[in-house]
Amino acid sequence: MAGPIALRLDPGKARPVAATTESAWIRWSLIGAALAFLALFLLLPLVLVFALALREGLRVYVAAFATPDARSAIWLTLVSAAVAVPLNTVFGVAAAWAIAKFEFKGKSLLITLIDLPFAISPVIAGLIFVILFGARGWLGPWLLAHDVRIIFAVPGIVLATMFVTFPFVARELIPLMQAQGSDEEESALTLGASGWQTFWRVTLPNIKWGLLYGVILTNARAMGEFGAVSVVSGHIRGQTNTMPLHIEVLYNDYQTTAAFALASLLAFLAVVTLGIKSFIEWKIARDNVQAVREAEQGDRL
């Protein structure tokens, strides 16, 4: 297969030979097919988004962000992410800590509930909030009596965003914490550290890169969420439209350049997210290699 080639020593020869049997042209064909697929379905659409956004000039491009509806959509997207990401980070760390470090009844149920947003369609998630908080929902009459608006308002958008994004931090940290074990925490507690001191000085430094990775994924999903937010927002222009919803409105109104201008902003944020993600992966891999080398040196000593 394409990729790194494992080497082995042929007993009858002194030089190493490849463990794979594919010829060079097969390997290069597979690599070429993969690169062509990525260029056609990933790189080309990304380039087209920016090309269509700038086709009428920079002034028209900038003007697309100056309209009140566009500014409102950008602001609402940032607010939703600013609320959902920190709350889901706290929940994710707490859930991962509990699952990886402790044994308790209902642990399997908690893990299942964390995975629930992955199994439920975002549209269904939005409908669940409508059933709960809508005017004719279970809590709707009480909310109307107390003049509290959740559906077709900012709180509903934030709740929908939180629901579809809360598994990312927890799912990133659970296997990391389980692999690290609890020896260091137990040692810290034995030496007299409190629970909070153990978390801040032992647990958190060990999971910082995984935590940052989960936060980045959460933020990316929060800013690009469409399905659940579309159901609970009501599509009120200038009030409850986030960037993805506003892009749809512009495109349906044949304002193609403005739609692609806002889409280019989301694409740019995606590229930045990908760059940060790649850096974190490189950092984690380097730290793992460093840890292996230190462990090997310790064994030799």
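Which side chain meets that of Glu225 in a salt bridge? The partner is Arg221, with 2.9 Å from N to O. This is a predicted model, and its protein chain has 301 residues. The secondary structure comes to 14 helices and two strands. The radius of gyration is 25 Å, well over the 19 Å that the globule rule gives for 301 residues, so the chain is more spread out than a compact globule.

**Overall form**

- Along its principal axes, the C-alpha trace of the protein chain spans about 80 × 60 × 30 Å.
- Of the 301 residues in the protein chain, 33% are buried.

**Helix α1 and its nonpolar patch**

- Helix α1 covers residues 24–53.
- From the first C-alpha of α1 to the last is 42 Å, and the helix has 30 residues.
- That reach is close to the 44 Å expected at 1.5 Å a residue.
- The helix α1 nevertheless has a kink of about 40 degrees, and the kink is centred on Ala39.
- A nonpolar surface patch of about 1,000 Å² is made by Trp28, Ile31, Leu35, Phe37, Leu38, Leu40, Phe41, Leu42, Leu44 and Leu48.
- Leu48, one of the residues in this patch, lies in helix α1.
- The relative accessible area of Leu48 is 43%, so Leu48 is partly exposed.
- An α-helix has 3.6 residues a turn, so residues three or four places apart point the same way.

**Salt bridges**

- The structure holds five salt bridges, and three of them are described here, starting with the pair from the opening question.
- In the pair of Glu225 and Arg221, Glu225 has a relative accessibility of 4% and therefore counts as buried, because the cut-off for buried is under 20%.
- Arg221 is partly exposed, with a relative accessible area of 27%.
- Glu103 and Lys107 form another salt bridge, in which the closest N and O atoms are 3.1 Å apart.
- Glu103 counts as exposed at 70% relative accessibility, whereas Lys107 counts as buried at 15%.
- Arg171 and Asp115 also form a salt bridge, and their closest N and O atoms are 2.8 Å apart.
- Arg171 lies in helix α9 (residues 167–180) and Asp115 in the loop between α4 (107–114) and α5 (116–119), so this pair ties together parts that are 56 residues apart in sequence.
- Both residues of this pair are partly exposed: the relative accessible area is 30% for Arg171 and 26% for Asp115.

**Loop residues with positive phi**

- Phe152 is not a glycine, yet its phi is positive, at about 60 degrees.
- The loop that holds Phe152 runs between α7 (140–145) and α8 (154–165).
- Phe152 has 40% relative accessibility and so counts as partly exposed.
- His235 is a residue other than glycine that has a positive phi, near 55 degrees.
- The loop between α12 (227–233) and α13 (243–252) is the place of His235.
- With 30% relative accessibility, His235 counts as partly exposed.

**Two buried helix residues and their distances**

- Met223 is in helix α11, which covers residues 195–224.
- The relative accessibility of Met223 is 10%, so Met223 counts as buried.
- Met223 and Thr242 are 19 residues apart along the chain, and their C-alpha atoms are separated by 8.4 Å.
- Leu245 is in helix α13.
- At 0% relative accessibility, Leu245 counts as buried.
- From Leu245 to Gln178 the C-alpha to C-alpha distance is 39 Å, and the two are 67 residues apart in sequence.

Terms used:
Residues are numbered from 1 along each chain as its sequence is written. Side-chain values use heavy atoms; hydrogens and water are left out. Patches are made of residues with over 30% relative accessible area and no salt bridge: like charges are joined within 9 Å, nonpolar side chains (Val, Leu, Ile, Met, Phe, Trp, Tyr) within 5 Å. Accessible areas come from the Shrake-Rupley method with a 1.4 Å probe; for residues, only the protein chains shown count as cover. A salt bridge is a side-chain nitrogen of Lys or Arg within 4 Å of a carboxyl oxygen of Asp or Glu. Helices (H or I, at least four residues) and strands (E, at least two) are DSSP runs, numbered from the N terminus. Buried means under 20% relative accessible area, exposed over 50%, partly exposed in between (1.4 Å probe, protein chains only). The expected span of a helix is 1.5 Å times one less than its number of residues. The bend at a residue is the angle between axes fitted to the seven residues ending there and the seven starting there. The radius of gyration is taken over C-alpha atoms; the globule rule is 2.2 Å times the number of residues to the power 0.38.
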